[in-house]
Amino acid sequence: MAPNFYVGLAWFLMIALMFFAQHHVCDAYFVPAINVFVEKMRKSKSKFLQRWGEEAVAGATICALGCNGPELFTNLISLYTGSDAGIGVVVGSEIFNLLIIVGAATIAAPTSPLQVERIPFTRDVFFYALSILLLYKFLADQAISWGECTTLLGAAVVYVITVYFTTDLANLCFPANEGGGAAVVPSDKRRGKMHGVDVEVEELVHGRMADSHAAGASTKWHVDATAHGIYAENLDEPASAAKANARGSIGFQFDSPDAMLGPVLKYKDLKEVVVMDMGVIQLEFTTALRHVTLKLTVPDGDKRRELIENIEKYSCPWVHGYDAGPGGAIKHLTHVMKSKDESIINKILTVPEFLIDFMLKSTLFAVDVKDVNKQGRWPLCFMGAMVWLAIFSYFMLEIAETIHYNIPMLPDSFLGITVCAIGTSFPNAVASILMSQQNKPAAAIANALGSNVQNVFLAMALPWVIYSAQTGYKPIPQNVAGITEGVAWMAGTLALVVLFVLMPGTCTLNKVNGYILMTVYVVYLVLTSGETFKWWPPLIKG
C-alpha cells in the first residue's frame, strides 16, 4: 500500500490507544503490585526491610518502576525492532518531566513560594547531572559498549544505596530530635466514623507517579457525608492547630478554622461503589482527569450494608462487587452504555477502554492484587504487568513506524522524542498536579527528579545490558538523529531548575518559575519541530 498522509493521521488514534493501554496496565496492575510490596516492607519486623517501605525510599526506587515502566520497555523493544523511537522516548520524557511536571507542580501548589527539600533535591540533582554527563560521554561515538551500559546500571545501584541511607547521612550531618525513640513506620489508614459507622479511611490518587498510599501518622477522623460531599474532621487535633497546619490530601484538606474540610470529594463525582472482600468498600470519584479512590474498611457486614444505604441517600452511584475477570470489563461497559448520566463522548471512549480492560482482566484475573485475597501473588501480578507493558510498547513502536511510512516528513526519532514522550509521560503530569493540589508539590518534584535519574540509569541502561549480552557484547549503534541535542537540552533544563532554586529565597520555586519552565518546553517543541521540517538547521549536530 502506497504512503497516504490521511492514513498516517488516522494511525495517531491507534498510538493514543497504546498510550492509554500503557497507562492503564501501570495504574491497574503494575503500581498496585508495587504498593503491596511497599506495604509488606512497611509492616515487616526487620528495620532493614522497613526502610524500603518509607515513602522517600520507595518513591525514588521501587515506585520509580511504575513511572519508568513504559520508557524502559519501549527502549528494550526498540533495540530488537531497530526503531529509532526508543531512546527518543526516554530523552523526550526526561525533558518533559523536568519542564512540565516541575513547572505544573509549582503552579498548582496552594502556597508560593514552594519550599524544596534540600537534601533529597541536592542528591537527585547530583545524580541526574552525573547521568547526563555519562550519557553525553558514552554517546559521543554514537555507540554504547558493554562497559558503558554496565557502568550506567552500576550507577543505578549506587543511587539506590544512596537513597536508602540518605536519612542516616542526614541525621549524622544534621542531628535532630536527640533522645527520640525508635522510628515508627506510619500507617496509611485513618480511623474514624462515617454516618456513625466505624471505618478505616485510605486514599489513592490514580496516576503512575501518585497512585500510592498517602503515608502519614495514624489518626482518628470523623468522616461525615452530606448532600454536598464528604467532609472530615481530625479528632486528634484541635481546631486551632488544624488551622495552623492547613494541609492534607485530597478529601482531607483543612480549609476553615473549625477543622472541617471543604467539599473536595463531591458526591456528584462519585461514580462507583465497589464492594470488595475483607470488609473493604471503594468509593470511586471521577471528574475530568482526576480519579480518586476512597478506600473504606468496615469489618462488620451489617454496618457495611448500613453505610452503603446511607451513601445512596446522597448519591446514585453504581454499587457492585469487584470482578477481577473479563466479566468485570463487560459489566462496566454495559453499565456505561445504559447509563443516562454518561455523555455520548464518555460512551464512545468506553469502547477502547473496554478492549484494553478485557484483555488485561482475561489474563491477569488470577493475580489481580486489587482483590485483597490475592495480594500474596503480587510478584506474579508484577511480572504479568511487565509482559503487557512490553506488548503495548512493541505496538506503539510499530505504529510509530507506520506513521513515519505514511508521513515520511515525521521521522521515528522525532515521534519518539515528542509525541511518544508526551504520551507516555502525560499521566505523570496529571498526577503531579493532583499531588500539588494536595499540598505535596515537593513530593511531585522529587518524584520527577528521581524518575529522571532512573530513566537514564535503568530505562536506558538495563535494555542495553540485556541486548548487549545477547549479541556477543558488541557495541550497540546509537546513531539517532537529534539525541545529542536532546541530551544538551536535558543538561540545560536541569541547570535552569537549579538556577531558580538558588535564586534569592534559597531552595524555593515560585509560580513565575513554573510558567517559565512550561514556556521553555513549548520553545523546545517549536525548535525541535522546525529542525525536523527543515525550517532551520539543528542547534547541535549529531
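These are my notebook entries on a few places I looked up in this structure, which is a predicted model.

**Entry 1: helix 16**

I began with a ruler check on helix 16, which covers residues 483-502. At 1.5 Å a residue, its 20 residues should span 28 Å. I found its end C-alpha atoms 29 Å apart, which agrees with that expectation.

Next I asked myself which residues of helix 16 are buried. My list has Ile 483, Glu 485, Gly 486, Val 487, Trp 489, Met 490, Thr 493, Leu 494, Val 497, Phe 500 and Val 501. I noticed that Glu 485 is among them.

**Entry 2: strands 7, 8 and 10**

I then turned to strand 7, residues 270-275, and looked up its partners. Strand 7 is joined to strand 8 by five bridges, and the two run antiparallel. With strand 10 there are four bridges, and here the strands run parallel.

I picked out one facing pair for each partner. Val 273 stands opposite Leu 283 of strand 8, and Val 274 is opposite His 320 of strand 10.

How much of strand 8, residues 280-287, is covered? Mostly, I found: six of its eight residues are buried.

Strand 10, residues 318-321, gave me a neat pattern to follow, since its side chains alternate. On one face I saw Trp 318 and His 320, both buried. Val 319 and Gly 321 point to the other face and are not buried. His 320, which I had already met opposite Val 274, is thus on the buried face.

**Entry 3: salt bridges**

I looked up the salt bridges next, and the structure holds eight of them. A reminder to myself: side chains of opposite charge can pair when their charged atoms come close.

I started with Glu 39. Its salt bridge with Arg 42 has its closest N and O atoms 3.5 Å apart. Glu 39 also meets Lys 43 in a salt bridge, again listed at 3.5 Å from N to O.

Why are Glu 39 and Arg 42 separated by about one helical turn? They are three residues apart in helix 1, residues 5-42, and that spacing makes about one turn. I wrote the general rule beside this: an α-helix has 3.6 residues a turn, so residues three or four places apart point the same way.

I also checked how covered each partner is. Arg 42 is buried, with a relative accessible area of 8%. Glu 39 counts as partly exposed because its relative accessibility is 21%, and buried means under 20%. Lys 43, at 62%, counts as exposed.

My last pair here was Arg 123 with Asp 124, whose closest N and O atoms are 3.0 Å apart. Both partners count as buried, Arg 123 at 12% and Asp 124 at 2%. Going back to the earlier trio, I noted that Glu 39, Arg 42 and Lys 43 are joined into one network by salt bridges that share partners.

**Entry 4: a buried serine**

Is Ser 425 buried or exposed? It counts as buried, because its relative accessibility is 0%. I placed Ser 425 in helix 14, residues 412-437. Its side chain makes a polar contact of 3.2 Å with the side chain of Ser 93.

**Entry 5: a nonpolar patch**

I went to the surface after that. Val 157, Ile 161, Phe 165 and Leu 169 form a nonpolar patch there, with about 360 Å² of accessible area together. I traced Val 157 to helix 7, residues 146-164.

**Entry 6: backbone surprises**

I finished with the backbone, keeping one rule in mind: most residues other than glycine have a negative phi, and most peptide bonds are trans.

Which peptide bond did I find to be cis? The one from Ser 112 to Pro 113, with omega near 0°. Pro 113 sits in the loop between helix 5 (85-108) and strand 1 (114-115).

I also noted two positive phi values outside glycine. Tyr 473 has a phi near 60° and is found in the loop between helix 15 (441-470) and strand 11 (476-477). At 48% relative accessibility, Tyr 473 counts as partly exposed. Lys 534 has a phi of about 65° and is in the segment after helix 17 (511-532). I marked Lys 534 as exposed, because its relative accessible area is 71% and exposed means over 50%.

Terms used:
Residues are numbered from 1 along each chain as its sequence is written. This is a predicted model: local features need pLDDT of at least 70, side-chain atom pairs count only at pLDDT 80 or more; totals for chains, interfaces and linings use all residues. Side-chain values use heavy atoms; hydrogens and water are left out. Buried means under 20% relative accessible area, exposed over 50%, partly exposed in between (1.4 Å probe, protein chains only). A polar contact is a pair of N or O atoms within 3.5 Å; within protein, one must be able to donate a hydrogen and the other to accept it, and residues adjacent in sequence count only if both atoms are side-chain atoms. Patches are made of residues with over 30% relative accessible area and no salt bridge: like charges are joined within 9 Å, nonpolar side chains (Val, Leu, Ile, Met, Phe, Trp, Tyr) within 5 Å. Accessible areas come from the Shrake-Rupley method with a 1.4 Å probe; for residues, only the protein chains shown count as cover. A salt bridge is a side-chain nitrogen of Lys or Arg within 4 Å of a carboxyl oxygen of Asp or Glu. Two strands pair if DSSP finds at least two bridges between them. The expected span of a helix is 1.5 Å times one less than its number of residues.
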